[in-house]
Amino acid sequence: MIEILSTLVEDHALAGLFIASFLASTVLPIGSEAYVVLLISKGFSILPVIMVASIGNYMGACTTYYIGIKGRQDVIEKYFSISDEQLKKTDRLFARYGSFLLLFTWIPIIGDAITATGGILKLDFRIFSFYVFIGKTARYTALAYLTAETLMFFQ
């Protein structure tokens, strides 16, 4: 069974990473970090892993942004488990910090609320994209670097 899973991961690694990263940034409370660590520990090239994870996570955030921009508060509360109170908190954070807050959409629990609020506030999509992609890429880059350094330390 372990061999089958290992083969599955290796044969469809980047596609699986994209799906996990996308879903982690939308409706499922999963993390894609473990998948990134697994692929790097299996010897996958770091740059493609970072880019696939970043693009998948960014596209998931775009989905949440779109739902927010369409004003689907019912969908946000039901499927994203973001309460009205969380949205009000992130609205206050946007008022205080502006678009820079989008750099932190990768943070568990509050990240989806930041993304949805960006949509609700109808932030310019170009600005949204710039900050969200930079934040998510920086997170995966740091994770990949720490993983590679840790693996080298224990060799």
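Modeller: Helices here are DSSP runs of H or I, at least four residues, and strands are runs of E, at least two. This is a predicted model. Under that definition, residues 37-147 are 76% helix and 0% strand, and their end C-alpha atoms lie 6 Å apart. The UniProt annotation "domain: VTT", from an unreviewed entry, covers this span.

Colleague: How do you know what helix α4 should span, and what do its end C-alpha atoms give?

Modeller: Take 1.5 Å times one less than the number of residues. For the 24 residues of α4 (residues 46-69), that should come to 34 Å; the end C-alpha atoms are 34 Å apart, so the two agree. Just after α4, G71 has a positive phi of about 75 degrees.

Colleague: Why is M51 called partly exposed?

Modeller: The label covers values between the buried cut-off, under 20%, and the exposed one, over 50%. M51 has a relative accessible area of 30%, so it is partly exposed. M51 sits in helix α4 and joins L47, I55 and M59 in a nonpolar surface patch with about 330 Å² of accessible area together.

Colleague: What makes the pair of F100 and Y131 edge-to-face?

Modeller: The whole structure holds 7 aromatic pairs. In this one, the centres are 5.3 Å apart and the planes stand at 65 degrees; pairing needs centres within 6.5 Å and edge-to-face needs over 60 degrees, so the name fits. F100 lies in the loop between α6 and α7, and Y131 in helix α8, 31 residues apart.

Colleague: Which of these two rings' residues is buried or exposed, F100 or Y131?

Modeller: F100 has 51% relative accessibility, so it counts as exposed; Y131 has 16%, so it counts as buried.

Notes
Residues are numbered from 1 along each chain as its sequence is written. This is a predicted model: local features need pLDDT of at least 70, side-chain atom pairs count only at pLDDT 80 or more; totals for chains, interfaces and linings use all residues. Side-chain values use heavy atoms; hydrogens and water are left out. UniProt positions are given in the numbering used here, feature names are shortened, and annotations may be inferred rather than shown by experiment. Patches are made of residues with over 30% relative accessible area and no salt bridge: like charges are joined within 9 Å, nonpolar side chains (Val, Leu, Ile, Met, Phe, Trp, Tyr) within 5 Å. Accessible areas come from the Shrake-Rupley method with a 1.4 Å probe; for residues, only the protein chains shown count as cover. A salt bridge is a side-chain nitrogen of Lys or Arg within 4 Å of a carboxyl oxygen of Asp or Glu. Buried means under 20% relative accessible area, exposed over 50%, partly exposed in between (1.4 Å probe, protein chains only). Rings of Phe, Tyr and Trp (its six-membered ring) pair if their centres lie within 6.5 Å; planes under 30 degrees apart count as stacked, over 60 as edge-to-face and the rest as tilted.
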